[in-house]
Amino acid sequence: LRVNPLRSLILAAAGNDAIRKLVATTPISRDVVRRFVAGETTAEAITVTRTLVDSGLTVTLDYLGEDTTDAELAEQTVQAYLKLLDRLHAENLAERAEVSVKLSAVGQLLDETLALNNASRICAAAEQAGTTVTLDMEDHTTTDSTLRILDELRRTWPWTGAVLQSYLHRTLDDCARLAGSGSRVRLCKGAYAEPEQVAFADKHEIDVGYVRCANALLAGDGYPMFATHDPRLVEILSERAKWHDRKPGSFEFQMLYGIRPDEQLRLAGEGHTVRVYVPYGEQWYGYLMRRLAERPANMAFFLRALASR
Ligand code: FDA
């Protein structure tokens with residue numbers, strides 16, 4: 001089974017300015033966005049976090065934005081995270097809610113040192129607030145740079161987490177390297193359009209890769225974070241965790257805000273730590289397009305909403 005051509009088409013459209021303007025100015029977009037995005041402000045993000053935490057879930061918050069080529073915008077993103085971390089602490093949510101950061105939103109495309117410095121400021125604020133940071137993983141041209149920045153950050157904040165993507169050929173090696181004590185690795189399938197030289201295109205290969213990587217992480221001493229909505233993978237991971245004698249609490253499941261909320265609660269009810277990835281902010285376009293590309297049903301939801309206007 002090959003990856004859906006619709007996926008490539010939508011991901012290509014994500015980079016097109018005319019389509020971006022059309023989607024951003026279509027009134028219906030707001031309703032569709034609301035299904036996947038907590039809101040535009042810190043206050044809205046905190047309200048959603050409170051509701052999720054009260055229902056027994058944990059949270060990682062993402063201030064939306066990516067591919068910044070302007071140092072001033074990168075600074076605004078840092079300020080948004082500092083404000084958010086301050087609020088999480090003040091609202092006693094820091095124990096159950098951490099933050100996820102895209103390095104391209106804090107200057108990675110401009111200068112790796114700028115991104116490292118900005119990410120360091122976010123990590124220092126997270127430490128003060130009593131929580132942690134996980135670095136999102138973007139397209140494969142940034143993987144080496146992101147892992148270099150991760151290594152630097154972990155010298156001071158060893159709890160800094162990273163995302164690895166099972167569709168990349170390299171990821172089993174990266175998992176083996178990052179499976180050591182104290183590491184936090186969020187394993188996902190991967191959401192970008194990647195060339196076949198670096199990534200599997202076949203769904204089955206991506207899934208097999210996921211299980212191999214999960215095994216490497218579970219066999220190590222780190223803290224694996226399994227980010228997937230795939231029911232078959234969730235079942236296999238639960239079984240593999242038992243086989244590796246991993247008790248609930250020594251690894252976690254993660255899902256995106258608005259996707260399979262009943263399953264999130266079911267897993268939490270079984271005693272698992274379940275973390276919901278909650279994006280918020282005004283720069284929701286790239287994030288929304290990746291969600292639409294992932295699943296025909298998400299696209300159908302978008303089109304139905306358009307048709308009902
Ligand atoms: P996939 O999309 O293959 O779906 C498998 C099955 O899951 C479906 O057949 C269906 O049964 C079920 N399913 C999926 N969506 C559903 C829905 N809406 N409703 C009901 N069932 C549904 N990517 C990246 O490249 N870099 C990153 O940093 C991150 N970060 C990240 C964090 C977290 C917490 C998550 C959950 C995901 C990411 N991702 C990511 C995205 C990830 O790479 C991937 O694109 C999506 O999670 C979709 O892949 P799945 O594993 O869910 O399976």
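UniProt, in an unreviewed entry, places the feature "binding site" at Lys102, Arg290 and Arg291. The model discussed here is predicted.

Lys102 sits in the loop between β2 and α6 (112–129). Its contacts, not counting residues up to four places away in sequence, are Gly65, Glu66, Asp136 and Glu138. Lys102 counts as buried, because 25 C-beta neighbours lie inside 10 Å and the cut-off is 20 or more. Arg290 belongs to helix α12. With 19 C-beta neighbours inside 10 Å, Arg290 counts as partly exposed.

**A second annotation**

Another "binding site" annotation from UniProt, also an unreviewed entry, covers Met137, Gln165, Lys189, Gly190, Ala191, Lys203, Thr228 and His229. Two of these residues, Lys189 and Thr228, are described here.

Lys189 is placed in the loop between β5 (184–188) and α9 (203–219). Leaving aside neighbours within four places in sequence, Lys189 is in contact with Gln165, Ser166, Tyr167, Ile206, Tyr210 and Thr228. Two of those partners, Gln165 and Thr228, carry the annotation too. Thr228 lies in the loop between β6 (223–227) and α10 (231–243). Beyond four places in sequence, Thr228 touches Cys188, Lys189, Leu233 and Val234.

Which of these residues are buried, and which are partly exposed? The table lists the neighbour counts.

| Residue | C-beta neighbours within 10 Å | Class |
|---|---|---|
| Lys102 | 25 | buried |
| Thr228 | 21 | buried |
| Lys189 | 19 | partly exposed |
| Arg290 | 19 | partly exposed |
| Asn298 | 19 | partly exposed |

**The barrel**

Eight strands close into a barrel. Their order is β1-β2-β3-β4-β5-β6-β7-β8, and the pairing is parallel. From one strand to the next, the twist averages 30°. Strand β1 (residues 58–63) pairs with strand β2 (residues 97–101) over four bridges, in the parallel sense. One residue pair can be named: Asp62 has Ser100 in β2 as its bridge partner. Helix α11 (residues 261–269) packs on the sheet. There α11 touches β7 (252–256) and β8 (273–280). The direction of α11 makes about 150° with that of β8.

**Helices α1, α12 and α13**

Two packed helices are described by the angle between their axes and the distance between the axes. Helix α1 (residues 5–14) and helix α12 (residues 285–294) have axes that come within 8 Å. The axes cross at roughly 170°. Angles over 145 degrees count as roughly antiparallel, and α1 and α12 are therefore roughly antiparallel to each other. On the α1 side, the contact involves Arg7, Ile10, Leu11, Ala13 and Ala14. On the α12 side, Gly286, Met289, Leu292 and Ala293 take part. These residues divide into seven nonpolar, one polar and one charged.

Helix α13 (residues 296–307) holds Asn298. Not counting residues up to four places away in sequence, Asn298 touches Arg291 and Leu292. Arg291 carries the "binding site" annotation, while Leu292 is among the α12 residues that meet α1. The C-alpha atoms of Asn298 and Leu288 are separated by 9.8 Å, with the two residues ten apart along the chain. Asn298 counts as partly exposed, with 19 C-beta neighbours inside 10 Å.

Conventions: Residues are numbered from 1 along each chain as its sequence is written. This is a predicted model: local features need pLDDT of at least 70, side-chain atom pairs count only at pLDDT 80 or more; totals for chains, interfaces and linings use all residues. Axes are lines fitted to C-alpha atoms, for helices over the stretch in contact, and angles run from 0 to 180 degrees between N-to-C directions. Helices (H or I, at least four residues) and strands (E, at least two) are DSSP runs, numbered from the N terminus. Angles under 35 degrees count as roughly parallel, over 145 as roughly antiparallel, 65 to 115 as roughly perpendicular and the rest as oblique. Two residues are in contact if their C-beta atoms, placed from the backbone, lie within 7 Å. Ala, Val, Leu, Ile, Met, Phe, Trp, Tyr, Cys and Pro count as nonpolar, Asp, Glu, Lys and Arg as charged, and the others, Gly among them, as polar. Two strands pair if DSSP finds at least two bridges between them. UniProt positions are given in the numbering used here, feature names are shortened, and annotations may be inferred rather than shown by experiment. A residue is buried if 20 or more other C-beta atoms lie within 10 Å of its own, exposed if 12 or fewer, and partly exposed in between; C-beta atoms are placed from the backbone.
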